[in-house]
Amino acid sequence: MTATVKKACAVLLALLLAASAALHIYWAIGGSAFLATALNMDVDRLPSDLVWFTWVLIAGMALYVWVALARVELAPTVFNQWVHAALLWFFVGSALLGAGLNALGSRFLDRWIFAPIFLILAALATLLALPEPEIE
């Protein structure tokens, strides 16, 4: 895989995660658009017991925006690349778990929107986590 393709994957993954983080921030500070649909509950605010979890999720998404960009040297880092690769493999596992759980869901939204999004995230992270071929 060329460096250009890998950078494009990193930027796309970072953009998807940043957009998702922005939506979750909107919900955490009181926004309601799409919230009832996403939670499958009749609510106009994020339930208070989910607010702290949402902030943790936002922090995780922000971390992975940085990890993706640092993996291709578009963001500064103090870690070796193997640390970024290991974090990305953890993300791949988490995204595949999310895809599987959503695919088993009974709602159209879970099966046909959320599960494919998780699969796209997992695919992008996989491409980023793969080592560069060594040149001899």
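Trp89 lies in helix H4, the segment that spans residues 81-103, and this residue offers a convenient place from which to start reading what is a predicted model. The relative accessible area of Trp89 is 41%, and because buried is reserved for values under 20% and exposed for values over 50%, Trp89 counts as partly exposed.

The surroundings of this side chain on the surface come next. Trp89 belongs to a nonpolar surface patch whose other members are Met1, Val5, Leu127 and Leu130, and the accessible area of these five residues together is about 410 Å². For the protein as a whole, the accessible surface amounts to about 8400 Å², with carbon and sulfur atoms accounting for 72% of that area.

Stepping back from the patch to the overall fold, one finds five helices and zero strands in the protein, so that the pattern read along the sequence is α-α-α-α-α, helices and strands being taken as DSSP runs. Taken along the principal axes, the box filled by the C-alpha atoms has dimensions of roughly 60 × 30 × 20 Å.

Within this helical arrangement, 34% of the 136 residues are buried. When contacts are restricted to residues at least 6 apart in sequence, 58% of them join residues that are at least 24 apart.

The charges complete the picture: the protein carries 6 positive and 8 negative charges, and the mean position of the positive group is 3 Å from that of the negative group.

Note on methods
Residues are numbered from 1 along each chain as its sequence is written. This is a predicted model: local features need pLDDT of at least 70, side-chain atom pairs count only at pLDDT 80 or more; totals for chains, interfaces and linings use all residues. Side-chain values use heavy atoms; hydrogens and water are left out. Helices (H or I, at least four residues) and strands (E, at least two) are DSSP runs, numbered from the N terminus. Buried means under 20% relative accessible area, exposed over 50%, partly exposed in between (1.4 Å probe, protein chains only). Contact means heavy atoms within 4.5 Å. Accessible areas come from the Shrake-Rupley method with a 1.4 Å probe; for residues, only the protein chains shown count as cover. Lys and Arg count as positive and Asp and Glu as negative; His and the chain ends are not counted. The place of a charge is taken as NZ of Lys, CZ of Arg, CG of Asp or CD of Glu. Patches are made of residues with over 30% relative accessible area and no salt bridge: like charges are joined within 9 Å, nonpolar side chains (Val, Leu, Ile, Met, Phe, Trp, Tyr) within 5 Å. A salt bridge is a side-chain nitrogen of Lys or Arg within 4 Å of a carboxyl oxygen of Asp or Glu.
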